[in-house]
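Me: Could you take a close look at one part of this model and how it is held among its neighbours? Please then set it beside the contacts between the chains and with the nucleic acid.

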Protein chains: 2
Amino acid sequence: MLPEFKIAQLRHFVWVAELKGFHYAAQKACRTQPAISLSIRDLENKLGADVFEKRSTKSTMTELTPFGKHFLPKAKELIAHHDSISQDMMLMRNNKSGHLRLASVPSIACRLLPNLLSKFVADSPDLHISFYDDNSEAVLRKIEKQQVDIGIASLPHGHEHNNILFTPIWQDEIGVVCHNENPLANNSELHWQDLHDQRLISNGTSRLLEETEAAPLLDGSQFYISNMLSLIAMIEAGIGITTLPRFAFPEHNKTLCFIPLKTPHVIRQIGIVQLKNSSLSPAAQAFADFILKQGAAQQ
Amino acid sequence: MLPEFKIAQLRHFVWVAELKGFHYAAQKACRTQPAISLSIRDLENKLGADVFEKRSTKSTMTELTPFGKHFLPKAKELIAHHDSISQDMMLMRNNKSGHLRLASVPSIACRLLPNLLSKFVADSPDLHISFYDDNSEAVLRKIEKQQVDIGIASLPHGHEHNNILFTPIWQDEIGVVCHNENPLANNSELHWQDLHDQRLISNGTSRLLEETEAAPLLDGSQFYISNMLSLIAMIEAGIGITTLPRFAFPEHNKTLCFIPLKTPHVIRQIGIVQLKNSSLSPAAQAFADFILKQGAAQQ
DNA sequence: TCTTTTGATAAGGAAAACTTATCGTGTTAC
DNA sequence: GTAACACGATAAGTTTTCCTTATCAAAAGA
């Protein structure tokens, strides 16, 4: 009923379209020109319509018909999909352990992953790992686009990611970061009212406070610094204070201190994100299991 | 380098896996059992690893290896992707879907297109239509700029549009429009001399008379009204008469009448315009064919 | 043990894919 | 205007792939 395309045939089509000539496409395909002609004709027969303008009608160059124009991106997608699967299977076969494509938010990436990953790969010497770090939104996007198999992020409520499966693991609480010599540093916990006479520097994680009682503090904030290194440098220089999730606070810093914020008490759930309705690769599954066992304890 | 899978081959794999047997898969594929065996073996050679447990080792039934388990969802996804594209292209070829970009002169747009279009889209629920109405010059410009795929217009002689293909369909004749109570209304046809003692209101279509015997009438015209609604209102108020192509005359008007002008007998050819040397999108082609069949008869 | 079921294998034929050689039609250069 | 050229179509023949029929071997059920 439905025609069935061959991947090679689609490649021929894409090459003819992009290189604007049967001749060049033939070269690329390591075939003779008539082979490409026949391949394209077969494709046109399957589709039931021409994809290239017949040379009698059009100008000097090989041009797509409107129908062909519509088909081109679809053909390219299918080829890409095929190749990604093909490559994936090859990687999997070559080293028994496979390929782990991982994305994580920076805080976990810096604080926990180095240790976790080194333990994880200790007994899997042939495991290939691709790692990306970015914010939660970007991690989720990578999962959805299947650019990575598994991610570590928080699930931004509000935004609906209903093809994402989330397994919470860590609780990250918001706290105040200030210089050791700041009077606030003596407290063991803080409330938003305590910050009134401080210069608050907001940052990329500040939006976590946006819908809380502390929101007015943000509105009055004079500084916004997105880069973590710059932000830390500013606080170290005593220019002001900021708020950060605990995991984002540099672990061994001696001049700054982290004081939990009790009102509002904002807790960010961080965990494993994966595509719903799709099984993990063996390597990713193993890593997920590993984190559930090790990672939770480490907290 | 990378192996290239055939869709049929992947189907065989999926069927064997899901129906748990080469035999059943063969039935489903309308092939013999050895064909499936060979197909699967070829797949395993390409992958470089077995996808099914060899019967000596494992249990009674055909079982996937872990490697095969990992491949199965990917194979299914690729098949689904392929089929969705295939189906999409079939829909597009049968112009059940796609995009028809159409421009027309107002007269045809009001008098004939509503009926024609509603018939045309009757069984194409997913067909998107963009429609523009404007005068012939503008329609031709839109075609040339490829802002629309197909147009309905007349071909103004004088102006050269040598990359336009014109297929005449309707003949629109110029006539006099006057109030029912105007003495002229009794005639069944008129000549330009008959209009001498009338107040002639010229309009956008009057240029069709410019190079005819009736030109002097236009020169003496006191009124020019471009807007059709205003023009009709003026004539209905008995302020004067005008000339219009028949298709531009409002079909069901009771207070005005249309009397063909015999000298000069100006006939405007209206038809399909499209870009020469460029094939139409399937939807546009289907619409053109449809008009040629239906539209001509409807006149 | 005998029969049944299930997949593997062999050999031959049909279909598909690719090759070489040639042709026809527009394009370019002189 | 015509010769040379570029580009794709077509023809015929060969190689490769795919599928069939026939048969085999192993495991499971009675």
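Reply: In this predicted model, the N-terminal end of α7(B) is capped by B:Asn135, a side-chain oxygen of which lies 3.1 Å from the backbone nitrogen of B:Glu137. Helices here are DSSP runs of H or I with at least four residues, strands are runs of E with at least two, and both are numbered from the N terminus. The helix α7 of chain B covers residues 136–144 and includes B:Glu137; after the helix comes B:Gln146, whose phi is positive, near 60 degrees. Residues are numbered from 1 along each chain as its sequence is written, while chains are lettered from A and ligands numbered from 1 in the order in which they are written. Because the model is predicted, local features need pLDDT of at least 70 and side-chain atom pairs count only at pLDDT 80 or more, although totals for chains, interfaces and linings use all residues, and side-chain values use heavy atoms, with hydrogens and water left out.

B:Glu137 counts as partly exposed because its relative accessibility is 27%, where buried means under 20% relative accessible area, exposed over 50% and partly exposed in between, with a 1.4 Å probe and protein chains only. In α7(B), by contrast, B:Ser136, B:Ala138, B:Val139, B:Leu140, B:Lys142 and B:Ile143 are buried. The cover over these buried residues includes β1 (97–104), β2 (126–133), β3 (150–154), β4 (164–179) and β10 of chain B. B:Ala153 lies 16 residues from B:Glu137 in sequence, and the C-alpha atoms of the two are 8.2 Å apart.

From the side of β10, which spans residues 267–275 of chain B, B:Gln274 adds detail to this picture. B:Gln274 is counted as buried because its relative accessible area is 12%. Leaving aside residues up to four places away in sequence, B:Gln274 touches B:Ile143, B:Asp149, B:Asn163, B:Ile164, B:Leu165 and B:Leu280, a contact being heavy atoms within 4.5 Å.

Beyond the helix, chain B also meets chain A, in a contact that takes 35 residues from chain B and 39 residues from chain A. About 3400 Å² is buried between the two chains, 67% of it from carbon and sulfur atoms; this area is the accessible area (1.4 Å probe) that two parts lose on being put together, summed over both. On the chain B side, B:Glu4, B:His70 and B:Met89 lose the most area to chain A, together 17% of what that side buries. Four salt bridges are counted between the chains, each a side-chain nitrogen of Lys or Arg within 4 Å of a carboxyl oxygen of Asp or Glu. In one of them, A:Asp88 pairs with B:Lys74, the closest N and O atoms being 3.2 Å apart.

The protein also meets DNA strand D, with 17 residues around the strand, of which A:Ser37, A:Arg41, A:Thr62, B:Lys6 and B:Thr32 come nearest; a residue is near the strand if one of its heavy atoms lies within 4 Å of it. A polar side-chain atom of A:Ser37 lies 2.7 Å from a phosphate oxygen of DNA strand D, whereas an N or O atom in the side chain of A:Gln33 is 3.1 Å from a base nitrogen. α3(A) gives the largest share of the surface near DNA strand D, four residues.

How values were computed: A polar contact is a pair of N or O atoms within 3.5 Å; within protein, one must be able to donate a hydrogen and the other to accept it, and residues adjacent in sequence count only if both atoms are side-chain atoms.
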